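Trainee: I should like to learn how the features of a structure are to be read. May we go through one example together?

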Amino acid sequence: MIMPPHPLTSPDIFQHVRMIMGMVVGLSVTRLLTGLVRIIQHPSQTRIYPVHIGWVLTLLLMLMHFWWWELWLTELPVWRFETYLFLILYAIILFFLSAFLFPDSISDYTGYEDFFISRRKWFFSFFALTVMFDLIDTLIKGPAHYALFSIEYWFRVPVYLVLCGIAIMSTNRRFHMAFVSVGLLYEVSWIVRHFETLS
């Protein structure tokens with residue numbers, strides 16, 4: 001194994017990894033913001049769907065939150081390629097979610113409602129993946145980190161997975177509206193209660 005000429009500290013390695021993560025997260029945010037601007041610029045071009053907009057806002061919040069909480073990795077004692085690969089894959093999954101919400105064209109659909117319901121299996125499968133990746137990410141940061149979230153975290157993970165499973169199977173509009181509404185409010189609450197500071 002080739003070693004660098006000077007030993008690198010964990011913060012040094014993290015800054016190197018964070019640059020690549022930032023590129024992928026930046027592409028995701030750009031995709032979502034461009035899609036929102038396109039809707040504002042051409043409101044009559046495609047019929048909007050509140051559930052779709054709700055998930056766009058939720059994903060924007062998730063991306064900002066992802067970039068914020070990953071700063072804790074600066075204290076990771078040992079960096080391995082597997083950890084680096086995991087984080088890049090995590091960021092790529094978030095990009096896929098962004099692309100699922102705003103594809104290059106939805107001309108084959110009558111509007112965002114038809115599009116979202118038709119492609120929900122892909123979206124919620126990848127959303128469930130983010131829940132699993134979040135769990136692994138939390139464990140990577142160590143026992144002291146996941147102890148911060150108490151029993152709520154271990155309740156949150158299976159509930160999200162069950163809801164994603166229902167969302168994959170169901171086309172019920174009321175369920176989808178309730179899921180995104182409660183989910184967005186809960187994410188705001190989760191961030192304010194646990195991630196307002198990184199100290």
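Mentor: What follows is a discussion of overall form, then of two residues and a surface patch. This is a predicted model, in which local features need pLDDT of at least 70 and side-chain atom pairs count only at pLDDT 80 or more, whereas totals for chains, interfaces and linings use all residues. Residues are numbered from 1 along each chain as its sequence is written, and side-chain values use heavy atoms, with hydrogens and water left out.

Trainee: How many helices and strands does the protein chain have?

Mentor: Helices (H or I, at least four residues) and strands (E, at least two) are DSSP runs, numbered from the N terminus. The protein chain has eight helices and zero strands.

Trainee: Is His 65 buried or exposed?

Mentor: Buried means under 20% relative accessible area, exposed over 50%, and partly exposed in between (1.4 Å probe, protein chains only). His 65 lies in helix H2 (residues 50–69) and is buried, at 5%. Of the 199 residues of the protein chain, 44% count as buried.

Trainee: Which residues is His 65 in contact with, leaving aside its neighbours within four places in sequence?

Mentor: Contact means heavy atoms within 4.5 Å. On that basis, the partners of His 65 beyond those neighbours are Trp 190, Ile 191 and Phe 195.

Trainee: Where is Ile 92 placed, and is Ile 92 buried or partly exposed?

Mentor: Ile 92 belongs to helix H3 (residues 81–101). With a relative accessible area of 32%, Ile 92 is partly exposed.
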